[in-house]
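Me: I have a new structure to read and I don't know where to start. Could you take me through the features one by one?

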Amino acid sequence: TEYLRQQQHTIPTSDAATLNKSSLIKPAQQMTPIKCLSTLALLRSTLTQYHPLIIEGMGQNDTRDPKTVSQKITSNVRQHWSKTRNVNDETPVIVVIQGDPIAPHGISAITRLVAEELGASRALVYLDEDIDPDHSLNADRENVVYEMRYSQLMSVLGEDVMMRMTRAIDARMNKKNERRKELVMEPLKSYYRDFALLQEVTKAAFKSLCDGITVAHTYDDISEFSVTSFYDVGLEIGMVDEYDIVSFKAE
């Protein structure tokens, strides 16, 4: 696979192995113990203790200073929580990531910095090997304390929700490809579907498991052909609410 040119979510590839990982992760952080949440019971008992924050945005093609972006997002979500969460709510935040490889820019760098600014740990969701054999291998695990497979979150939602989610994603893919045909562009690569499903299933499952969820965007101008642009699928089928989403321009 390749990195999406107009992506707003990193598509992990084996190219990530060429990165100088030692320059991006501190040795002590590489040694953080990670607990695999291997059963539905363990998922429920563990994740209900947290308020999940999921950040959606462009991958390495986002050349902005990640620190500037992360500070804006941190400010946005804190303002959002001051209006939506009880002042006495001490539920710890956990930043949920979706297998992006280590990178100095874009969503990978931004999520690490936001977690640091909030004093939060991270949870990793990765695609099963039969979907993408390199996804887990290339995933950034800095400050990750829990990890789980995509298929486990599918089980959280159940067959009916997954059927509706898949149909909505497929319909959106077809609509985007019709638009690309009009623009004399090649159809979207098939892996867009995999990562769009990962994005939407992760949000829906965490909202189901936890008492609320926050979704923050790193851009306001979301490309119509990006993985992030599928965010309205969760809204459409009622698995995510408008008030869960914090726009980048939030004040």
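Reply: We will go from confidence to fold, then to cores, cavities and single residues.

Me: How far does the predictor trust this model, on average and by share of residues?

Reply: Start with confidence, since this is a predicted model. The average pLDDT is 87. A score of at least 70 is reached by 86% of the residues.

Me: Which residues have pLDDT under 50?

Reply: Where pLDDT is low, the predicted coordinates should not be read in detail. Here that caution applies to residues 1-30, where pLDDT stays under 50. The model has 86 contacts beyond four places in sequence for this stretch.

Me: On to the fold. How many helices and strands does the protein have?

Reply: There are 8 helices and 7 strands. The chain has 251 residues, and 53% of them count as buried. Look at sequence separation too. Among contacts with a separation of 6 or more, 81% join residues 24 or more positions apart.

Me: Which residues touch the most other members of the largest nonpolar core?

Reply: That core has 43 residues. Leu47, Tyr146, Met148, Leu153, Leu157, Met165 and Phe206 touch the most other members. Several elements give two or more residues to this core: helices H2 (40-47), H6 (150-182) and H7 (191-209), and strands E3 (93-97), E4 (121-126) and E5 (144-149). H7 gives the most, with 11 residues.

Me: Take Phe206. Which residues is it in contact with, leaving aside neighbours within four places in sequence?

Reply: Phe206 contacts Leu47, Pro52, Val96, Val125, Met148, Leu153 and Ile213. There is also a second, separate core of 20 residues. Leu53, Val114, Ala120 and Val144 are included in that second core.

Me: Now for empty space. How many cavities of 30 Å³ or more does a search of the whole structure find?

Reply: The search finds 2. The largest cavity holds about 40 Å³ of space.

Me: Which residues line the largest cavity?

Reply: Its lining consists of Ile97, Gln98, Gly99, Asp100, Ile107, Ser108, Thr111, Arg122 and Asp140. By type, that is 2 nonpolar, 4 polar and 3 charged residues. Helix H4 (residues 106-118) supplies the largest share, 3 residues.

Me: H4 also holds Arg112. Is Arg112 buried or exposed?

Reply: Compare the relative accessible area with the cut-off: under 20% is buried. Arg112 counts as buried because its value is 12%. Now check its spacing from Glu142. The two residues are 30 residues apart along the chain, and their C-alpha atoms are separated by 7.5 Å.

Me: Let me try His80 in helix H3 (residues 66-84). Why does His80 count as buried?

Reply: Use that cut-off again. His80 has a relative accessible area of 14%, so it is buried. Not counting residues up to four places away in sequence, His80 touches Thr214, Tyr243 and Val246. Thr214 is 134 residues away along the chain, yet the C-alpha atoms of His80 and Thr214 are separated by 8.9 Å.

Me: What about a loop? Where does Ile237 lie?

Reply: Ile237 is in the loop between helix H8 (232-236) and strand E7 (245-246). A loop residue can still be buried, and Ile237 is, with a relative accessible area of 15%. Beyond residues up to four places away in sequence, Ile237 touches Arg164, Met165 and Ala168. Recall that Met165 is one of the core residues that touch the most other members. From Ile237 to Val161 the C-alpha distance is 8.6 Å, with their positions 76 residues apart in sequence.

Me: One last feature, the backbone. Which phi does Asn143 have?

Reply: Most residues other than glycine have a negative phi. Asn143 has a positive phi of about 60°. Asn143 sits in the loop between helix H5 (135-138) and E5. Its relative accessible area is 24%, which makes it partly exposed.

Me: And Val184, where is its place?

Reply: Val184 is in the loop between H6 and H7. Val184 has a positive phi too, of about 55°, although it is not a glycine. Val184 is exposed, with a relative accessible area of 76%.

Conventions: Residues numbered from 1 in each chain as written. Predicted model: local features only at pLDDT ≥ 70, side-chain atom pairs only at ≥ 80, totals over all residues. Heavy atoms only, no water. 1 Å grid on protein atoms, 1.4 Å probe; cavity = no way out; pocket = protein on both sides within 12 Å on 5 of 7 lines; lining within 4 Å. Points joined across faces, edges and corners; volume = space filled by probe spheres on them. Helix = DSSP H or I, 4+ residues; strand = E, 2+ residues; numbered from the N terminus. Nonpolar A, V, L, I, M, F, W, Y, C, P; charged D, E, K, R; others polar. pLDDT = per-residue confidence, 0-100. Contact = heavy atoms within 4.5 Å. Core = buried A, V, L, I, M, F, W, Y, C linked by side-chain atoms within 4.5 Å. Buried < 20%, exposed > 50% of the residue type's maximum accessible area, 1.4 Å probe, protein only.
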